[in-house]
Amino acid sequence: DERGDRYARAYDYSCLHKHFHSPSSSSMQDTNNKPKAKRPRNPITTQQRLEIIAYHEKNPDVSNADIGDMFKKPRSTVSNIIRDKDAFVSRCGARDAAIAEGNV
């Protein structure tokens, strides 16, 4: 049918697909470069988290950046810990109660 052919030609993007996804000579040269190494993970322990929360509660005027410097953690990590402290402390409290009762 002539109408179907017209739609097939109008929406045939195969030539564009090949054009945009074919490797160019400049991108071929980039494959020899190694990607930058990621910074090693430095997971925070429950004890560190509790210490940060306790310090913040005793010293509310100290900035998150200064607390991060003291505990060698990024400011954003300290901000997230302080923001989520209620949920974290309630989880720790429930876990500690279960351990005390012998349910864990």
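In this predicted model, the largest nonpolar core is made up of 8 residues in all, namely Ile 52, Ile 53, Ile 67, Val 78, Ile 81, Ile 82, Phe 88 and Cys 92. Three helices each supply at least two residues of this core: H4, helix H6 (75-83) and helix H7 (85-101). Of the contributors, H6 gives the most, with 3 residues. Such a grouping fits a familiar pattern, as nonpolar side chains in soluble globular proteins tend to be buried together.

It is worth following one member of the core a little further. Ile 81 touches Ile 44, Arg 49, Ile 52 and Ile 53, when residues up to four places away in sequence are not counted. Among these partners, Ile 52 and Ile 53 are themselves listed in the core.

The core can be set against the architecture of the protein as a whole. The protein has 7 helices and 0 strands, and from the N terminus on its elements run α-α-α-α-α-α-α. Of the 104 residues in the protein, 13% are buried. Turning to contacts with a separation of 6 or more, residues 24 or more positions apart account for 54% of them.

The packing of H4 against H5 makes a good next stop. The axes of helix H4 (residues 46-58) and helix H5 (residues 64-71) come within 11 Å of each other and cross at roughly 135 degrees. The two helices are therefore oblique to each other, and H4 passes H5 in a right-handed crossing. On the H4 side, the residues that meet H5 are Glu 51, Ile 52, Tyr 55 and His 56, while H5 brings Asn 64, Ile 67, Met 70 and Phe 71. The residues of this contact divide into 5 nonpolar, 2 polar and 1 charged. Two names link this contact to the core described above: Ile 52 and Ile 67 take part in the meeting of H4 with H5, and both Ile 52 and Ile 67 also belong to the largest nonpolar core.

A charged side chain rounds off the picture. Lys 85 is found in helix H7, one of the helices that supply at least two residues of the core. With a relative accessible area of 18%, Lys 85 is buried, because the cut-off for that class is under 20%. Leaving aside neighbours within four places in sequence, Lys 85 is in contact with Ile 53, His 56 and Glu 57. Of these partners, Ile 53 is a residue of the core, and His 56 is one of the H4 residues that meet H5.

Note on methods. Residues are numbered from 1 along each chain as its sequence is written. This is a predicted model: local features need pLDDT of at least 70, side-chain atom pairs count only at pLDDT 80 or more; totals for chains, interfaces and linings use all residues. Side-chain values use heavy atoms; hydrogens and water are left out. Axes are lines fitted to C-alpha atoms, for helices over the stretch in contact, and angles run from 0 to 180 degrees between N-to-C directions. Helices (H or I, at least four residues) and strands (E, at least two) are DSSP runs, numbered from the N terminus. Angles under 35 degrees count as roughly parallel, over 145 as roughly antiparallel, 65 to 115 as roughly perpendicular and the rest as oblique. A crossing is left-handed if the near helix is turned anticlockwise from the far one by less than a right angle, and right-handed if clockwise. Contact means heavy atoms within 4.5 Å. Ala, Val, Leu, Ile, Met, Phe, Trp, Tyr, Cys and Pro count as nonpolar, Asp, Glu, Lys and Arg as charged, and the others, Gly among them, as polar. A nonpolar core is a set of buried Ala, Val, Leu, Ile, Met, Phe, Trp, Tyr and Cys residues joined through side-chain atoms within 4.5 Å. Buried means under 20% relative accessible area, exposed over 50%, partly exposed in between (1.4 Å probe, protein chains only).
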